[in-house]
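Welcome, and thanks for stopping by. Please take a moment with the sequence and the model below before reading on.

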Amino acid sequence: MSKKRGDLKKLLKLVQYLSTELDPQMSLLNLNAFLTTAVNEDVATMMDLRRQLDNYGGTRSNVSRNISYWADKQWRREDGTRPDGHGFVKLIPDPEDYRRRLLLLTQKGQTFCDELVNLLED
């Protein structure tokens, strides 16, 4: 098997892990929001995340929904409920500007990142 195919095999392993261990309905926009927050040190607020995802189909509302997927509570559904999120990201009001929300990875989010890295290294 060529090296390129080996890399695809790693990607497939990652996708299978995400769909079986986390959520088979997860969208690429959900994953993009989390990975952008986790990897990019310039992303500290929702505004930063929106700027980063603007080039990848991120509108104001869908960036909020996609990051809330990873927080403690997900975005409201049509029936008014807020299902539990994954708890990988914490959204905290900025003490210097009440309109801004800061994004922080939780310990659970850090552990999840480590699991993803391990899958890619195998």
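Why does D48 count as buried? D48 has a relative accessibility of 16%, and buried means under 20%, so this residue falls within the cut-off. Please keep in mind that this is a predicted model. With that in hand, here is a tour, starting with the whole chain and moving on to its parts.

**The overall picture**

- The protein contains five helices and two strands.
- Read from the N terminus, these elements follow the order α-α-α-α-β-β-α.
- The C-alpha trace spans about 55 × 35 × 30 Å along its principal axes.
- The chain has 122 residues, and 34% of them count as buried.
- Taking contacts between residues at least 6 apart in sequence, 42% join residues that are at least 24 apart.

**Surface and charge**

- About 8500 Å² of the protein is exposed, with carbon and sulfur atoms supplying 51% of that area.
- There are 19 positive side chains and 18 negative ones.
- The centres of these two sets of charges lie 4 Å apart.

**Around D48 and helix α3**

- D48 is part of helix α3, which covers residues 46-53.
- Setting aside neighbours within four places in sequence, D48 makes contact with D42 and V43.
- D48 has buried company in α3: M46, L49, R50 and L53 are on the list of buried residues too.
- The buried residues of α3 pack against two helices, α2 and α4, and against the strands β1 and β2.

**Helix α4**

- Helix α4 runs over residues 60-68.
- Its buried residues are N62, V63, S64, N66, I67 and S68.
- These buried residues pack against α2 and α3, as well as against β1 and β2.

**The two strands**

- Strand β1 takes in residues 89-94, while strand β2 takes in residues 97-105.
- The two strands run antiparallel and are joined by six bridges.
- A hairpin of two residues leads from β1 to β2.
- Across the pair, L91 stands opposite L103 of β2.

**Aromatic rings**

- How many aromatic pairs does the count come to? The count is seven.
- One of them is formed by F34 and F112, whose rings meet edge-to-face, with 5.3 Å from centre to centre and 65° between the planes.
- This pair links distant parts of the chain, since F34 sits in helix α2 (residues 28-39) and F112 in helix α5 (residues 107-121), 78 residues apart.
- Both F34 and F112 are buried.
- Is the pair of W70 and F88 stacked or edge-to-face? W70 and F88 are stacked, at 5.7 Å centre to centre and with 25° between the planes.
- W70 and F88 are 18 residues apart, and each lies in the loop between α4 and β1.
- W70 is buried, and F88 is buried as well.
- Ring pairs also draw F34, Y69, W70, F88 and F112 together into a cluster.

**To take away**

- When you return to the model, you might begin with D48, which is buried at 16% relative accessibility.
- From there, follow the packing of α3 against α2, α4, β1 and β2 through its buried residues.
- A good place to finish is the ring cluster of F34, Y69, W70, F88 and F112.

Definitions and conventions. Residues numbered from 1 in each chain as written. Predicted model: local features only at pLDDT ≥ 70, side-chain atom pairs only at ≥ 80, totals over all residues. Heavy atoms only, no water. Phe/Tyr/Trp six-rings, centres within 6.5 Å; stacked < 30°, edge-to-face > 60°. Helix = DSSP H or I, 4+ residues; strand = E, 2+ residues; numbered from the N terminus. Buried < 20%, exposed > 50% of the residue type's maximum accessible area, 1.4 Å probe, protein only. Pairing = 2+ DSSP bridges. Contact = heavy atoms within 4.5 Å. Areas by Shrake-Rupley, 256 points an atom, 1.4 Å probe, with all protein chains shown as cover. Lys, Arg positive; Asp, Glu negative; His and termini not counted. Charge placed at Lys NZ, Arg CZ, Asp CG, Glu CD.
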